[in-house]
Amino acid sequence: MKISRDTYILFVAALLVISCSKEQPVLTFAVGGAPNEVDYWERLIDKFEKSTGIRVDVMRQPTDTDQRRQGLVIPLKAKQKDPDVFLMDVIWVGQFAASDWLLPIDSCLEKSDVDINTFFRSIIQQVDVFEESIVALPVYNDCGMFYYRKDLLQKYGLSAPQTWYELVSVAEKIQEKERNKNPQFYGFVWQGAQYEGLLCTFLEFAHSYGGGLLDENGKVHLHRRENIEALQFMHDLIHKYEISPPNTFTEMKEEEVRLFFENGNALFERNWPYAWGLHERDDSPVKGNVGIMMLPKSSTGKAAATLGGWHIGISRYSDDINNAWRLAEFIVSYAVQKELTLVLGWNPGRSDLYDDQEIRERIPHIDVLKDAFNNAVARPNLPYYTQVSETIQRYLNAALSGNLTPAQALEESQTEIEKIVKAYHE
Amino acid sequence: MNRALKEAVLFTLPLVLFISLFILVPVLATFWNSLWQDVSFIPRRFLGFENFLRLFSDRQFWQATTFTILFPMVSVTLEMIIGMIIALVLNERFRYRGIVRGIALIPWAIPSVIGARIWQLIYRYDYGVANYVLTKIGLAPVNWLGSPLGAFLSLVFADVWRTTPFVAIILLAGLQIVPQELYRQAQVDGAHLHQRFLKITLPLIKPVVIVALLFRTIDAIRVFDIIYVITGGGPGGFTTSLSLHGYKYFLLGDFGYGSSVSVILFVIAFLVALLYIKMGKFREALL
C-alpha cells in the first residue's frame with residue numbers, strides 16, 4: 001500500500017493535535033463483562049461525568065475473565081498511569097495487592113461518607129484487606145447456590161434435601177421415574193470441567209465435609225481425610241450413583257449447567273446467583289418452578305458457599321487519585337449499587353441494600369443470598385493463587401474422570417503445590 | 001571482495017536481517033527471560049537455570065512433553081499415508097479432476113480454530129453430532145473426550161482431517177514432476193504397480209516428502225489451537241501440549257517459567273528440523 005505524502009503529514013498533524021489537546025487528566029475506568037453490562041456502565045459513567053465534571057474514559061474489556069485480567073496485568077506491570085480505576089475478580093485481589101498495584105484507600109475512606117461497615121464484614125476481611133490496609137471494595141457479590149425443581153419435588157411428595165445423603169436418595173428416586181418420559185434426565189448438575197469453577201464447586205463439597213484448602217496456619221493442606229471424602233463423593237455422583245451426567249467433568253461449566261437445568265433435564269443444580277434471573281425469564285421452560293437455597297451439607301458438617309464477585313480498586317500509578325476515589329465512591333454508593341441490582345440483577349456489595357424494599361420485591365430470595373454471603377468462604381488470597389488453582393483443577397479433574405483415585409489426586413496436587421509455594425518463597 | 005561475493009551478500013542480506021529481527025531476537029530474548037524469575041509480586045531476580053530444574057521436576061511438564069512427542073508421531077504418520085493416497089488419486093486423469101482437487105482442499109482452507117470448533121460440536125456429549133448418530137441407530141452415547149485415549153484420538157482425528165489436504169497438495173506437486181516416460185519404460189519392463197511406486201515414485205519425490213514431513217511435524221509439535229478449543233488440555237491435563245502448558249504460565253503471570261517451557265519446545269522443534277534436513281540431503285537434491 002502506498003500512502004501519499006499529504007495523508008502522512010495530515011496523520012502526524014492529527015496525532016499532534018490529539019496529544020496536545022489532552023491537558024486536564026482524564027480518568028480511565030476499565031470494565032468488562034457481557035456487552036449489555038458494559039453498555040450500562042457507559043451510561044452510568046456519563047451520569048458521573050455530568051454531575052461532577054470529571055472526565056472519564058471507559059476502557060471496554062472483553063467478556064472472558066482471563067482476558068480481562070491480562071488487560072489489567074500488562075499496563076500495571078508496566079507502571080502505566082491508565083487505567084486509574086478497575087474492577088477485579090475476587091481471586092485477583094491477592095496478586096494485585098502483593099504486586100503493590102493497589103492504592104490503600106483507608107485515608108480516603110476516613111474522609112468519605114462511605115462507611116466500611118455497610119459492606120459484609122467477612123467479605124471485606126477475606127478479600128479486601130492486605131497488610132492491614134483496605135485496598136478494594138466489593139461492587140457485587142456472588143456465591144454458589146443450590147437450585148431445585150419445586151414442581152417435581154411436589155409431584156413425588158419429597159422435600160428439598162438438607163444433606164448430600166438426602167440429595168442422592170431424592171435424586172435417584174425422581175431420576176428413575178422421570179427417565180420414563182425423558183431419557184436425558186439427571187438428578188444433579190454441577191460444574192466439573194477443568195476450570196476455575198471446578199475448584200469453587202470442590203471447595204463447597206470440601207467445606208461441607210469439614211475440609212478445605214488451607215489449614216489453621218494458612219498453609220495449603222489438601223491431602224486430608226475430609227477432602228478425600230468430598231472428592232470421592234463428587235466422583236460417585238457421576239460414576240456410582242449416576243445422578244450427574246457423564247460429561248460433567250469434560251463439558252460442564254456454568255452456562256452448560258444452567259442450560260441443562262433450564263431445559264428441564266435436571267432436578268437439582270449448583271450454580272451462581274445469576275442463573276435465577278434466567279431461569280425465571282418468560283421463555284424459560286422451568287419458569288415459576290425453581291427454588292433456591294444454600295447447598296446441602298454432609299451429615300456432620302455445615303453448608304458452604306464459595307465466594308465470587310467483583311471488587312473495585314484504584315491503581316497505585318493513577319495520576320489523579322482524588323478523582324479516582326470519587327469515581328470509586330460513586331460506584332459503591334447506595335444509589336448506584338441499587339441501580340446495578342435493579343438493572344443488571346447483580347447482588348449488591350453493600351449489605352444495607354438487602355433491606356431495601358424495591359430490591360426485596362425484585363429478588364424475593366434476597367434473604368437466602370444475604371445469609372449465604374455472610375457465610376461464604378473466599379478462595380485463599382495468595383499472590384500465586386491462579387497457579388495453585390490451575391494445578392488443583394487439573395488433579396481434581398483427573399480424579400473425576402477416574403484416572404486417579406481421589407487420594408492420589410489430592411496427594412499429588414499437594415506435592416505440586418508445595419513446589420509452587422517454594423518457588424515463590426526464597 | 002569480488003563481485004560475485006558482493007552480490008551474494010547483497011541478495012541474502014534482507015532475508016538475514018528479516019530472520020534476525022523477527023526470529024533470532026525473539027528466540028534469544030525468550031531464552032534470556034527463561035533465566036529470570038519474572039512475576040509481578042516479587043522483585044525480578046536472576047535464577048540461572050533454576051526454572052529448568054523446576055521444570056524437570058514438574059509432572060505436568062513431562063506429561064506435556066510425552067503428549068508433544070506422541071501427537072506428531074501418530075497424526076503425521078496418518079496424514080502422510082492418507083495424503084499420499086489422495087495425491088496418487090488426484091494425479092490420475094479423470095473427469096472433473098480440477099473440481100475434485102479443489103474440494104479436497106476445503107478442510108485446509110477452513111481456519112483451524114473454526115475447524116476445531118466444528119469437531120468440538122461433533123464430539124459433544126449431550127448434543128454432539130457423533131452421539132446423535134449413535135443414539136439414532138440405537139447405541140449408547142459415548143463420552144468421547146472423557147478418557148485420556150479417547151481425547152487423544154479425537155484430537156488426532158481432527159488434526160488429520162484438517163491437514164491431510166495440505167500434505168496431499170504438496171505430494172501432488174512432487175508427483176507432477178516425475179517424468180511419465182519412466183513409468184512407461186517400467187511398464188514395458190513388466191514392473192508391478194507397487195514396484196513402480198517404490199522404485200520410481202518414492203525415490204524421486206523424496207525431497208518433497210521430507211518437506212511435507214518437516215512442515216507437518218513442526219506444526220504438530222507446536223499444536224495449540226485445536227487442543228485449546230476441543231479439550232482445553234483435559235481430562236486431568238492428559239492432552240496438554242507443551243505450547244498450551246507454556247501459555248498457561250504466561251497467562252498466570254510467571255513469564256520466566258513460561259519462557260523456559262518455550263525454550264524446551266524450541267529445542268525439540270529445532271532438533272526435529274535438523275534431523276529432517278539431514279535426511280532430506282537437500283544439498284544434493286538442489287545441486
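Q: What distance lies between the C-alpha centres of domain 1 of chain A and domain 2 of chain A?
A: In this predicted model, the C-alpha centres of the two domains lie 29 Å apart. The domain assignment gives residues 22–142 + 307–375 of chain A to domain 1 and residues 145–304 + 384–423 to domain 2.

Q: What makes residues of domain 1 of chain A count as in contact with residues of domain 2 of chain A, and how many are there on each side?
A: Two residues are in contact if their C-beta atoms, placed from the backbone, lie within 7 Å. By this criterion, 12 residues of domain 1 of chain A are in contact with 10 residues of domain 2 of chain A. On the domain 1 side, the elements that give two or more residues are H4 and H17 of chain A. H17(A) gives the most, with 4 residues. By class, this side has 4 nonpolar, 6 polar and 2 charged residues.

Q: Why are the buried residues of H17(A) said to line one face of the helix?
A: Helix H17 of chain A spans residues 366–375, and its buried residues are Ile366(A), Leu369(A), Ala372(A) and Phe373(A). Viewed down the axis of H17(A), these buried residues fall within an arc of 120°, so they line one face. An α-helix has 3.6 residues a turn, so residues three or four places apart point the same way.

Q: What covers the buried residues of H17(A)?
A: The cover includes helix H6 (121–128), strand S6 (137–143), strand S7 (145–149), strand S12 (347–348) and helix H16 (357–362) of chain A.

Q: Why is strand S1 of chain A described as largely enclosed by the rest of the structure?
A: A residue is buried if 20 or more other C-beta atoms lie within 10 Å of its own. In S1(A), residues 27–31, 5 of the 5 residues are buried, so the strand is largely enclosed. Leu27(A), Phe29(A) and Val31(A) point one way, Thr28(A) and Ala30(A) point the other way, and all are buried.

Q: What makes S1(A) and S2(A) a pair of strands, and in which sense do they pair?
A: Two strands pair if DSSP finds at least two bridges between them. S1(A) and strand S2 (residues 56–60) of chain A have 5 bridges, in the parallel sense. Within S2(A), Val58(A) is the bridge partner of Phe29(A). S1(A) also pairs in the parallel sense with strand S3 (residues 85–89) of chain A, over 2 bridges. In S3(A), the bridge partner of Phe29(A) is Val85(A).

Q: Why are S2 and S12 of chain A called edge strands?
A: Each of these two strands pairs on one side only. They stand at the ends of the order S2-S1-S3-S11-S6-S12 (chain A), which describes an open sheet of 6 strands with mixed pairing.

Q: What shows that both faces of S11(A) are covered?
A: Strand S11 (residues 307–314) of chain A has 8 of its 8 residues buried. Leu307(A), Gly309(A), His311(A) and Gly313(A) are on one side, and Gly308(A), Trp310(A), Ile312(A) and Ile314(A) on the other; all are buried.

Q: Which strands pair with S11(A) in the antiparallel sense?
A: S3(A) pairs with S11(A) in this sense over 5 bridges, and S6(A) does so over 6 bridges. Leu87(A) stands opposite Ile312(A), while Pro138(A) stands opposite His311(A).

Q: What makes a set of residues a nonpolar core, and which members of the largest one touch the most others?
A: Such a core consists of buried Ala, Val, Leu, Ile, Met, Phe, Trp, Tyr and Cys residues joined through C-beta atoms within 7 Å. The largest has 125 residues, and Phe188(A), Ala328(A) and Leu396(A) touch the most other members. H18(A) gives the largest share of this core, 8 residues. The core draws at least three residues from each of domain 1 and domain 2 of chain A. Not counting residues up to four places away in sequence, Leu396(A) touches Leu198(A), Leu199(A), Phe202(A), Leu231(A) and Ala409(A). A second, separate core of 45 residues includes Phe71(B), Ile170(B), Ile226(B) and Leu252(B).

Q: How many residues does each chain give to the contact between chain A and chain B, and which element of chain A gives the largest share?
A: Chain A gives 28 residues and chain B gives 27 residues. On the chain A side, the largest share, 7 residues, comes from H18(A). By class, that side has 10 nonpolar, 11 polar and 7 charged residues.

Methods:
Residues are numbered from 1 along each chain as its sequence is written. Chains are lettered from A and ligands numbered from 1 in the order in which they are written. This is a predicted model: local features need pLDDT of at least 70, side-chain atom pairs count only at pLDDT 80 or more; totals for chains, interfaces and linings use all residues. Ala, Val, Leu, Ile, Met, Phe, Trp, Tyr, Cys and Pro count as nonpolar, Asp, Glu, Lys and Arg as charged, and the others, Gly among them, as polar. A residue is buried if 20 or more other C-beta atoms lie within 10 Å of its own, exposed if 12 or fewer, and partly exposed in between; C-beta atoms are placed from the backbone. The arc is that of the directions from the helix axis to the C-beta atoms. Domain bounds come from an automatic or database domain assignment.
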